[in-house]
Amino acid sequence: MAERPETRVLTGQDLKAFHKALSHPVRRDILSYLGEHGEANSTSVAKALGESTGTTSYHLRKLADLQLIAEIEERSNGRERWWRSLMTDIFTPPGLEMTADEREAALKIGALKMTQDLNLIVKAYAGYDTSAGWHHIQRAALWLTKEQATEFAAEYRALLHKYVTEPGERPAGARRMAVRLVVLPDEGTGCPLSRDEAAGRDGDDPR
């Protein structure tokens, strides 16, 4: 298990900077590449992404400015800089006071994530019965106080960390898995629940 990273809390100003950085697809691809391979230079990233070294070098520096990646100084020289992914637990607290443009940036970040998440959900259901046990779909409904909901989310983060590995390291036979959790009051949505969901029980059968 990887060493647990320090939690980094995003302020409103941070959200604007993150949206500007992560709205660029090359930067998102670089983060994914470093998360998979652990370490890289602009040349190896450029080759993997089909970009020029000038382009990847520029975006690597911008990601470093946000402290999402860091330079490996002992491997770098005058002509080539090496970079590694930083294990960062990024957290935006609920109820954060934001200006109008900061909130707009937060919504745009959410929209970027939601597009990816919707594609993942469609893929999970579409390939469920042919996934040979790799796809797991969980849906549930619980009655919780605000304190219990906060505790539930904290226990979920702790469970995730139990299985986190260092960037570039993974157990034999492992595949990159997408894991998502959304916890919010389910009031007035008009979405019917099955008896199991209403009782808080719904396992891996997506039907």
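How many bridges join S3 to S4, and do they run parallel or antiparallel? That is the warm-up for the exercises below.

A word on the ground rules: this is a predicted model, where local features need pLDDT of at least 70, side-chain atom pairs count only at pLDDT 80 or more, and totals for chains, interfaces and linings use all residues. Residues are numbered from 1 along each chain as its sequence is written, and side-chain values use heavy atoms, with hydrogens and water left out.

**Exercise 1. Work out the sheet around S4.**

Step 1: start with the warm-up. S3 and S4 are joined by 3 bridges and run antiparallel. Strands here are DSSP runs of E with at least two residues, helices are runs of H or I with at least four, and both are numbered from the N terminus. Two strands pair if DSSP finds at least two bridges between them.

Step 2: look at the other partner. S2 and S4 (residues 82-85) also pair in the antiparallel sense, over 3 bridges.

Step 3: put the order together. You get an open sheet of 3 strands, S2-S4-S3, with antiparallel pairing. S2 (39-41) and S3 (69-71) are the edge strands, each pairing on one side only. On average, neighbouring strands are turned by 35° against each other, direction ignored; the axes are lines fitted to C-alpha atoms, and angles run from 0 to 180 degrees between N-to-C directions.

Step 4: zoom in on Arg84 in S4. Glu39 stands opposite Arg84, and Arg84 is also the bridge partner of Ala70.

**Exercise 2. Place Leu63 and list what it touches.**

Step 1: Leu63 is in helix H4 (residues 53-65).

Step 2: its relative accessible area is 0%, so Leu63 counts as buried (under 20% is buried, over 50% exposed, partly exposed in between, with a 1.4 Å probe and protein chains only).

Step 3: skip the neighbours within four places in sequence, and Leu63 is in contact with Arg27, Ile30, Leu31, Leu68 and Ile69. Contact means heavy atoms within 4.5 Å.

Step 4: try a distance too. Leu63 and Arg28 are 35 residues apart in sequence, yet their C-alpha atoms are 9.6 Å apart.

**Exercise 3. Find the rings with a charge above them, and check for aromatic pairs.**

Step 1: the charged end of Arg75 sits over the ring of Trp82, 3.6 Å from its centre. To count, NZ of Lys or CZ of Arg must be within 6 Å of the ring centre and within 35 degrees of the ring normal.

Step 2: Arg175 lies over the face of Trp134, 4.5 Å from the ring centre.

Step 3: now the aromatic pairs. Searching the whole structure gives 0 of them.

**Exercise 4. Which residues have a positive phi although they are not glycine? Include Gln67 and Ala132.**

Step 1: Gln67, in the loop between H4 and S3, has a phi of about 65°.

Step 2: Ala132 has a phi of about 55° and lies in the loop between helix H5 (100-126) and helix H6 (146-162). With a relative accessible area of 74%, Ala132 is exposed.

**Exercise 5. Sum up the whole protein.**

Step 1: count 7 helices and 5 strands, following the pattern β-α-α-β-α-α-β-β-β-α-α-α along the sequence.

Step 2: of the 207 residues, 22% count as buried.

Step 3: among contacts between residues at least 6 apart in sequence, 69% join residues at least 24 apart.

How values were computed: Rings of Phe, Tyr and Trp (its six-membered ring) pair if their centres lie within 6.5 Å; planes under 30 degrees apart count as stacked, over 60 as edge-to-face and the rest as tilted.
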